[in-house]
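Please load the model in your viewer and keep a selection prompt ready. The stops below go from a sheet to a single side chain.

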Amino acid sequence: MMAEPVELPSRLAILPFRNKVLLPGAIVRIRCTSPVSVKLVEQELWQKEEKGLIGVLPVRDSEAAAVGTLLTQGSDSSANSETQKQDSKNHQVPIHWHNRGVAARALHLSRGVEKPSGRVTYIVVLEGLCRFNVQELSTRGTYHVARVSRLDMTKSELELAEQDPDVISLSRQFKTTAMELISVLEQKQKTVGRTKVLLETVPVHRLADIFVASFEISFEEQLAMLDSVDLKVRLSKATELVDRHLQSILVAEKITQKVEGQLSKTQKEFLLRQQMRAIKEELGDNDDDEDDVVALERKMQTAGMPPNVWKHAQRELRRLRKMQPQQPGYSSSRVYLELLADLPWQKVSEETELELRAARESLDRDHYGLTKVKQRIIEYLAVRKLKPDARGPVLCFVGPPGVGKTSLASSIASALDRKFIRISLGGVKDEADIRGHRRTYIGSMPGRLIDGLKRVGVNNPVMLLDEIDKTGSDVRGDPASALLEVLDPEQNKTFNDHYLNVPFDLSKVIFVATANRVQPIPPALLDRMEVIELPGYTPEEKLNIAINHLIPRVLDQHGLTSEFLQIPEEMVRLIIQRYTREAGVRNLERSLAALARATAVRVAELNYASSAIQLEEKGMHHSTTAGGTTALLDARLATAGECPVSNSGSATGEVEMDVIPMDVSGHEIAGFEGVVANPIVVDEPMLEKVLGPPRYDENEMEERVATPGVSVGLVWTSFGGEVQFVEATAMTGKGELHLTGQLGDVIKESAQIALTWIRSKFPKR
């Protein structure tokens, strides 16, 4: 049956298809939304009583290589129900037109109006008819019009071509491959009967285009099919594409059958294992007592789970027994049951009788100052002694870094004789860090609280929630909101972790929180805690902390004792005044550590030098290339005085050593000498050699305040604050105030208040 050729007009309105090709015989549905395409459909199809033809021309993206005419007028259209995109009016995107297209007619046309914008849209169903070549491309209003010439063969040419033996052979090969594809698809789909009818009734030159249009192929292959005007080339390309599609389906079926075969093999192994287990039980040769699952069950029985949790765990254990270790969910179920068995459901710390006097002495020994804070902790412990099961408040220590917030929480645990665990919340933004992940997710794990209880091994530890003011929130949830249940005594006895999926009692845990500032903490969370402010230390308090706590700790950390290094009280005071200006004592400890390191270098080199002298007295000379230390010894050792060098007594000499310690930056510290027998006493020159020049001048305030027009201001920060000097100078001007720099609103308001006060006290004369 031969299709009647279509009369092609000399000019066609052009509808561009971006990265898509409409082939003759194919039917597509498009939605036109841009003004250009809407205008074309409205004038060429909607307003005409007799629907004419339009031209569909492929368009490449600007990134691709240009083929055909290059214009600068934007276009937007798409096929297969894709929404068209409108180009910006100010930004002209170059269009790469293909020089061949397909004439199409509208099979269906519907008009719609979008609300609330009122924009008109059209839905058009187009059928490709015949190929054409673009002779000239011009514009008509907002859309394009092309002068075209027909490319497809005429009726007589088609009849003559179908008699060609090569065409007959290619047609037969194409239909055979297409029939194989239909036979394969017939096993999966029930709608291929109409395809068989097409294969028998539609001419082969149109059938090739129809088949190829139904496949998912690349844009380049679609263009190659569109450019195949010659019937032999078209049939050859279509046969190749149909065969490739057939082979991909056959390979996919082969893979599916292989996977199903593997599943059948796994099921067979499971049945054989079950039979083997039954045979061993009959023979009495059952070694399941040593099996891991049996050991896990025994561990779960001794965990002391509540009845509802034990029932849930037994159900999970039965499910685990039915699974094979190779199955995907086996490992996750096993890890979950091990967590249930490891949690301290009934295990508690054995508390001794609480002695308030011992607790007070411990606090005084570990912490200097902080009288009000220590008194509040003693009150807290006293209530615990009178009523051990009392639900006391959650203490929140707020203060600058380095004032001892974490160590106070540790002291509470020591006084109560309970285990201590620290949970860092700084930078936590995921709610799952508190509540855990659900087990349906890959890589799920319990929250930090449940994991911490598993590690500590008891259900009544002192748990420190460190940096509670530095939690964030994003699309994954708000950790601060999740902490509301944790810190509420009425709710935390049935805390439900998403991973655990059973309630866990947190009411026996003593929670202590720390923060640098109160402002970032949400009000609802702050309401569940009792805030205890820890102010910064005064210089006198820092001095006592350094002498009683920091210096002994620093010496021990560096392998030194007071026989090697002595830091007088006056030198500690100079370090506090000239090198550290902070609320805590961390920088003070770092400065003391720098002095200890410089001393450690000197002591280590003196010990090495002493060993080298002993070896030389025995006549044992070692040639070495170790570099710095040996070269230093060779350069510094000299013979003088009356000390014997060798056992023979042939020469006398005195060993003189000059060991050079290094400062924190690796430079030589000169200016002080000594031997290992005499301790190094830190003095002011040594401070400047090791720590550098003073960072702060203790006389700065007196000198600057003595100058007229200078006053002192205090700026508060979460790290302790800073002292600022405000200078004023009398000058002629217009009375205006100019503020420079990145100042906050409070500083700007303070400056305006100061100007207002000056004007009220010193009016213009």
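Which residue of β14 is the bridge partner of Leu465? Select Leu465 and look across to β14: the partner is Ala513. Bear in mind throughout that this is a predicted model.

Next, widen the selection to residues 462-466, strand β11, and residues 510-515, strand β14. These two strands run parallel and are joined by four bridges.

Now show the whole sheet. It is open, has five strands with parallel pairing, and reads β10-β11-β14-β9-β15 in order. Colour 420-424 (β10) and 529-533 (β15) to mark the edges. Each of these two has a single partner strand, so one of its sides is left without a neighbour in the sheet. Sight along the strands to see the twist: on average, neighbouring strands are turned by 25° against each other, direction ignored. As general background, strands of a sheet pair through backbone hydrogen bonds, either parallel or antiparallel.

Leave the sheet and select residues 586-617, helix α20, which contains Thr599. Is Thr599 buried or exposed? Thr599 is buried, with a relative accessible area of 1%.

Keep Thr599 selected and display its surroundings. Apart from neighbours within four places in sequence, Thr599 is in contact with Leu560, Phe564, Leu565, Ile680 and Met686. For the polar end of the side chain, look to Leu595: its backbone oxygen lies 3.0 Å from a polar atom of the Thr599 side chain.

Finally, draw a C-alpha to C-alpha distance from Thr599 to Pro679. The viewer should give 9.6 Å, for residues that are 80 apart in sequence.

How values were computed: Residues numbered from 1 in each chain as written. Predicted model: local features only at pLDDT ≥ 70, side-chain atom pairs only at ≥ 80, totals over all residues. Heavy atoms only, no water. Pairing = 2+ DSSP bridges. Axes fitted to C-alpha atoms, helices over the stretch in contact; angles between N-to-C directions. Buried < 20%, exposed > 50% of the residue type's maximum accessible area, 1.4 Å probe, protein only. Contact = heavy atoms within 4.5 Å. Polar contact = N/O pair within 3.5 Å; in protein donor to acceptor, adjacent residues only side chain to side chain.
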